[in-house]
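Me: I've got a structure open here and would like to talk through a few spots in it. Mind going over them with me?

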Amino acid sequence: MSLIADAGLGVAAADFDDDGRTDVYVANDADPNQLWMNRGDGAFEDDAVLLGAAYNRFGVGEAGMGIALGDIDGDLDLDLFLSHLIEETNTLYVNLGGAPGLSDGFDDRAAEAGLAAPSTPYTGFGTAFFDADNDGDLDLAVVNGAVKRRPTAFSDRDDWFWRGYAEPNLLMLGDGAGAFVDATDASGDFGEALDVSRGLVPFDLEGDGDLDLLVSNLEGPARIYRNESAGGSGGWLSLRVVDPELQRTALGASVVAWTACCRLAAT
């Protein structure tokens, strides 16, 4: 089957049903999203409606501007987060797990997780799960910027045209069990910035074990927000996984590690 979407804005490739094969999720602007499950014979099948990842909890297709992947509740499967337009709540599709190759699907739990209401006044674009405070739990960043002039401007910047599109960003801190609190007011320059933002990438700028944020903006410079959090133990591990036969980075590889308290997995 074709993997072409009518209006795809974001694409994520990952193993969503733990069968060892890479699946493809496509976020579509105002149309149903697609979840192309890899059948292992070179063919894919769109199971987004069947698995509960095509619409929000009200059966409505949303804007689908950005996608984030991460295990937010510690159950070793990948959950999906999508950012949307103003007056649409961002969506959290929690992966319900299931036997390998037999997914139990997804459930929209944005409201229960505390991610719905804070997003309603903004248009979200770039988004990512990352550990902002080095406490071992995934947090969430969303960069915002309107696509049509806001009824009330947040910014008083000199360029009169773009100030009507500028919006603040969001930083949500996770508790490791699937719930988040809005920490934007305590996020320093990241939460205070008023830009028309589009792209977001977490990365370790200084090699000090915490993740900084790179943000791209319309009609403005790209910005780097250095992480100065003092949270967590500061313990960290950097890995480069290499395919021994091809002698190159093993994209899509899974890494499993055991610590004194628990089993950890990452893809």
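Reply: Sure, here are some questions and answers on a sheet and two residues; keep in mind that this is a predicted model.

Me: Which strands are at the edges of the open sheet β11-β12-β13-β14?

Reply: The sheet has 4 strands in that order, with antiparallel pairing. An edge strand pairs on one side only. That picks out β11 (124-130) and β14 (180-182).

Me: What is the average twist from one strand to the next?

Reply: We're still on the open sheet with the order β11-β12-β13-β14. Going from one strand to the next, the twist averages 20°.

Me: Which residue in β14 stands opposite G174?

Reply: Strand β13 covers residues 170-174 and runs antiparallel to β14, with 3 bridges joining the two. Opposite G174, in β14, you'll find F180.

Me: Is N33 buried or exposed?

Reply: N33 sits in the loop between β2 (23-28) and β3 (34-38). Beyond its neighbours within four places in sequence, N33 touches Y25, V26, A27, N28, A48, A53, A54, L82 and Y93. Its relative accessible area is 5%, and the cut-off for buried is under 20%, so N33 counts as buried.

Me: And L102, buried or exposed?

Reply: L102 belongs to strand β9, residues 102-103. Its relative accessible area comes out at 61%. Since exposed means over 50%, L102 is exposed.

Me: How far apart are the C-alpha atoms of L102 and I86?

Reply: Along the chain, L102 and I86 are 16 residues apart. In space, their C-alpha atoms are separated by 35 Å.

Methods
Residues numbered from 1 in each chain as written. Predicted model: local features only at pLDDT ≥ 70, side-chain atom pairs only at ≥ 80, totals over all residues. Heavy atoms only, no water. Pairing = 2+ DSSP bridges. Axes fitted to C-alpha atoms, helices over the stretch in contact; angles between N-to-C directions. Buried < 20%, exposed > 50% of the residue type's maximum accessible area, 1.4 Å probe, protein only. Contact = heavy atoms within 4.5 Å.
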